[in-house]
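Visitor: I am new here, and I would like to know how the labels on a structure are justified. Could you take me through them step by step?

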Amino acid sequence: SLDVLLAGALGALLVFILGVLREEWREEQKRRGLLRLLRAEINHNEIVIKVIAESGSSLETSPYFDALKTDTWDESREAASGLPAELLNDLISYYEPLEIFLTVKSLPPKDPNRTPRGVHEMMEMKLDEMTEPLNQVLSQWGFPTTRRETYQQSTLRASTRVKKRIETYLD
């Protein structure tokens, strides 16, 4: 009877351990699937940004701007919280500026006839005027000359970094 009790306890322990392992395997499969979807969304956005850059227009004025997507990220934030910290940080560093940019783009345009009221706006205008000759030289050498170009290039760098991190995780 002690043998039966011991066999039952060992059997229950084995069932528990197998259940835990099965649950961990399922969660890992969900994470891997999520990362594949996020990678596809990042690849899509990377292509859109490159098309916009090659067209010579800025993100704000491009007819392709609305093709940028964050749907997968928006729908999977809770699931993404279970990803390793470095990978999650890279995903956030990619998506956060993109979401801000999309939000700002959706706001009503600034009235071009309005006189700048803030010191910041006046300084920004003066700085743009002062750096115009330098920007022309930088542009000839292929360097970013506007915040928009810098954003496009930093987004492409962030997408490359996060895609490498995803690939490392999936391998």
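Guide: Gladly! Let us begin with a term: a salt bridge is a side-chain nitrogen of Lys or Arg within 4 Å of a carboxyl oxygen of Asp or Glu. Please keep in mind that this is a predicted model.

Visitor: What makes K163 and E46 a salt bridge?

Guide: The closest N and O atoms of K163 and E46 are 3.0 Å apart, and the cut-off is 4 Å, so the pair qualifies. The two partners come from distant parts of the chain, with K163 in helix α6 and E46 in helix α1, 117 residues apart. Both K163 and E46 are buried.

Visitor: Which other side chains meet in this way, for example with E27 or E28?

Guide: E27 pairs with K30 at 3.6 Å, N to O, and E28 pairs with R31 at 2.9 Å. Both distances fall within 4 Å, so both pairs count as salt bridges. E27 and K30 sit 3 residues apart in helix α1, about one turn of the helix, and the spacing of E28 and R31 in α1 is also 3 residues. The whole structure has 12 salt bridges, and a network of them links E86, D90, R161 and R165.

Visitor: Why is K30 called exposed?

Guide: Exposed means over 50% relative accessible area. K30 has 56%, so the label fits.

Visitor: And why is E27 called partly exposed?

Guide: The relative accessible area of E27 is 31%. Partly exposed lies between the 20% and 50% limits, so E27 belongs there. E28, at 22%, is partly exposed too.

Visitor: Why does T70 count as buried?

Guide: Its relative accessibility is 9%, and buried means under 20%, so T70 is buried. T70 is found in the loop between α1 and α2. Leaving aside neighbours within four places in sequence, T70 is in contact with E41, Y95, L98, E99 and L102.

Visitor: How do you know that the length of α1 agrees with what a helix should span?

Guide: At 1.5 Å a residue, the 54 residues of α1 should span 80 Å, and the end C-alpha atoms are 79 Å apart, so the two values agree. After α1 comes G56, whose phi is positive, near 85°. In total the protein chain has 6 helices and 0 strands.

Visitor: What makes up the largest nonpolar core?

Guide: It has 25 residues, and those with the most contacts inside it are L35, L91, Y95 and I166. Helices α1, α4 and α6 each supply at least two residues of this core. L91 is in contact with residues including L35, W73 and I166. In soluble globular proteins, nonpolar side chains tend to be buried together.

Visitor: Where do nonpolar residues form a patch on the surface?

Guide: L6, L10, L13, L14, F16, I17, L18, V20 and L21 form that patch, with about 870 Å² of accessible area together. One of them, F16, lies in helix α1. F16 has a relative accessible area of 57%, which is over 50%, so F16 is exposed.

Visitor: What does Y169 touch?

Guide: Not counting residues up to four places away in sequence, Y169 touches E28, R31, R32, L35, P84 and L87. Y169 is found in helix α6. The C-alpha atoms of Y169 and R31 are separated by 9.8 Å, though the two residues are 138 apart along the chain.

How values were computed
Residues are numbered from 1 along each chain as its sequence is written. This is a predicted model: local features need pLDDT of at least 70, side-chain atom pairs count only at pLDDT 80 or more; totals for chains, interfaces and linings use all residues. Side-chain values use heavy atoms; hydrogens and water are left out. Patches are made of residues with over 30% relative accessible area and no salt bridge: like charges are joined within 9 Å, nonpolar side chains (Val, Leu, Ile, Met, Phe, Trp, Tyr) within 5 Å. Accessible areas come from the Shrake-Rupley method with a 1.4 Å probe; for residues, only the protein chains shown count as cover. Helices (H or I, at least four residues) and strands (E, at least two) are DSSP runs, numbered from the N terminus. Buried means under 20% relative accessible area, exposed over 50%, partly exposed in between (1.4 Å probe, protein chains only). Contact means heavy atoms within 4.5 Å. The expected span of a helix is 1.5 Å times one less than its number of residues. A nonpolar core is a set of buried Ala, Val, Leu, Ile, Met, Phe, Trp, Tyr and Cys residues joined through side-chain atoms within 4.5 Å.
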